[in-house]
Amino acid sequence: MLTLIRRVQPKTPSRTVEYPVGSFVETEKGYFYIAGPNKRFRFTTKRCLDSWNPRVVHSSEAALNKYKVAAKMKFRNGSLIHSLADGKVYCISEGKRRHLTSPEAFEKVGAAKNRRYVVSVSLAEINLHPEGEPIT
């Protein structure tokens with residue numbers, strides 16, 4: 001006898017929810033990081049969110065109404081990003097974008113043999129991070 005298992009989709013909360021600090025939440029207005037008891041940071045793009053490799057909870061703006069948007073989230077340290085604007089590849093380090101200027105620089109960050117971890121991004125996403133010293 002074949003038994004069918006039906007997966008029940010959790011209901012999206014419509015009242016304020018206390019999310020633990022460090023949670024990643026998706027609402028109808030985008031993706032957010034719960035940064036404190038009353039604040040959240042906005043991800044400007046899904047590419048930026050994906051750099052954190054998060055487990056995302058689906059929610060609603062009504063459930064997050066006590067969390068005020070305080071800042072924009074940046075790419076995670078160690079992320080490798082390729083600028084579509086100028087063709088440069090950067091490594092995010094200490095919140096700064098550091099241009100990889102040589103084949104040795106790619107080896108230092110572990111991207112010499114496998115560039116599949118390099119994500120192409122827009123100029124707006126590049127500009128989330130101040131420029132740091134190049135990696136040579």
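**Rings and cores in a predicted model**

The charged end of Arg40 sits over the ring of Phe32, 4.3 Å from its centre; such a placement asks for CZ of Arg or NZ of Lys within 6 Å of the ring centre and within 35 degrees of the ring normal. Arg97 does likewise with Tyr90, its charged end lying over the ring at 5.6 Å from the centre. The model is predicted, so to speak of local features takes a pLDDT of at least 70 and side-chain atom pairs count only at pLDDT 80 or more, while totals for chains, interfaces and linings use all residues. Residues are numbered from 1 along each chain as its sequence is written, and side-chain values use heavy atoms, leaving out hydrogens and water.

On to the rings: there are four aromatic pairs (Phe, Tyr or six-membered Trp rings with centres within 6.5 Å; stacked if the planes are under 30 degrees apart, edge-to-face if over 60, tilted otherwise). Tyr33 and Phe41 have ring centres 6.4 Å apart and planes at 35 degrees, so this pair is tilted. Both belong to one aromatic cluster with Phe24, Phe43 and Trp52.

Phe43 turns up again in the largest nonpolar core, which has 14 residues; Cys48, Leu49 and Phe75 are also among those with the most contacts inside it. A core here joins buried (under 20% relative accessible area, 1.4 Å probe, protein chains only) Ala, Val, Leu, Ile, Met, Phe, Trp, Tyr and Cys residues through side-chain atoms within 4.5 Å. A second, separate core of eight residues includes Leu80, Val89, Cys91 and Ile135.

Key. Buried < 20%, exposed > 50% of the residue type's maximum accessible area, 1.4 Å probe, protein only.
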